[in-house]
Amino acid sequence: MKQLEKLKTWKKELALAETFEEVKTHESAAAAAAEFAKRNQFALDKQNEIGKFRIDIERKKGAWLDENYPQGGARNFKVEQTNLEKMPINKNESSNARLINREEELSNQVMDEIEQKGEVITPNKVQSEIRKIIKKEAIQEERRI
């Protein structure tokens, strides 16, 4: 239970985190807490509380990446794995964090749906569902045109 009590402190520390290393430290601690909660069969609402914190971490990572490694025409390197060595994470992790950060309203909606299904919120599940929704909306838009 001490892990869950630490969650409140972690949220404050995450808000103050300025470096990517600080954010990654919180990510590791939250992942460990989530695994601990799962193995010890904590109540679903407690597991989802940790899951929501993990989503906050992904948003923070996405915001940091957008600020320090902007996507688009202003950059001087191509999106290839070999050239991303400058970034502190791989391109898939970057893409997932940026998506969750960019689609805040949609990620909140997805988290609510996951909770209603009686499942545990995880960053992977949230980003996967967001991508499905975006793809479905794109297909519907194509059909309208």
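1. The largest nonpolar core has 13 residues, and those that touch the most other members are Leu-7, Trp-10, Leu-14, Val-23, Ile-50, Phe-53 and Ile-57. The elements that give two or more residues to this core are helix 1 (2-16), helix 2 and helix 3. Helix 2 gives the most, with five residues. This is a predicted model, so the points below describe a prediction.

2. A second core, separate from the largest one, has 11 residues. Ile-55, Ile-114, Ile-121 and Val-126 are among them.

3. Helix 2 covers residues 20-39, which is 20 residues. At 1.5 Å a residue, a helix of that length should span 28 Å, and the end C-alpha atoms of helix 2 are 29 Å apart, which agrees.

4. The buried residues of helix 2 are Phe-20, Val-23, His-26, Glu-27, Ala-30, Ala-33, Ala-34 and Ala-37. Viewed down the helix axis, these buried residues fall within an arc of 145°, so they line one face of helix 2. The face turned away from that buried side carries Glu-21, Thr-25 and Arg-39, which are exposed. Val-23 appears both among the buried residues of helix 2 and among the core residues with the most contacts to other members.

5. Just after helix 2 comes Gln-41, whose phi is positive, at about 50°.

6. Searching the whole structure gives 12 salt bridges. One of them pairs Lys-61 with Glu-27, with 2.8 Å between the closest N and O atoms. Lys-61 is in helix 3 (residues 44-68) and Glu-27 is in helix 2, so this pair links distant parts of the chain, 34 residues apart. Side chains of opposite charge can pair when their charged atoms come close.

7. Are the two partners of this bridge buried or exposed? Lys-61 counts as buried because its relative accessibility is 0%. Glu-27 also counts as buried, at 19% relative accessibility, given that the cut-off for buried is under 20%.

8. Lys-61 has a further salt bridge, to Glu-93, with an N to O distance of 2.7 Å. Glu-93 lies in helix 4 (residues 91-102) and Lys-61 in helix 3, so the pair ties together parts that are 32 residues apart in sequence. Glu-93 counts as partly exposed, with 22% relative accessibility.

9. Another salt bridge joins the side chains of Lys-125 and Glu-119, at 3.6 Å from N to O. Lys-125 is partly exposed, with a relative accessible area of 26%. Glu-119 counts as partly exposed as well, at 32% relative accessibility.

10. Which residues do salt bridges with shared partners join into one network? The network consists of Lys-24, Glu-27, Glu-58, Lys-61 and Glu-93. Within it, Lys-61 bridges to Glu-27 and to Glu-93.

11. Helix 6 (residues 123-144) contains Glu-141. The relative accessible area of Glu-141 is 38%, which means that this residue is partly exposed. Its side chain makes a polar contact of 2.9 Å with the side chain of Arg-144.

12. To draw the points on helix 2 together: this helix gives the most residues to the largest core, its buried residues line one face, and its buried Glu-27 forms a salt bridge with Lys-61 of helix 3.

Conventions. Residues numbered from 1 in each chain as written. Predicted model: local features only at pLDDT ≥ 70, side-chain atom pairs only at ≥ 80, totals over all residues. Heavy atoms only, no water. Helix = DSSP H or I, 4+ residues; strand = E, 2+ residues; numbered from the N terminus. Expected span 1.5 Å × (residues − 1). Buried < 20%, exposed > 50% of the residue type's maximum accessible area, 1.4 Å probe, protein only. Arc of directions from axis to C-beta. Salt bridge = Lys/Arg side-chain N within 4 Å of Asp/Glu carboxyl O. Polar contact = N/O pair within 3.5 Å; in protein donor to acceptor, adjacent residues only side chain to side chain. Core = buried A, V, L, I, M, F, W, Y, C linked by side-chain atoms within 4.5 Å.
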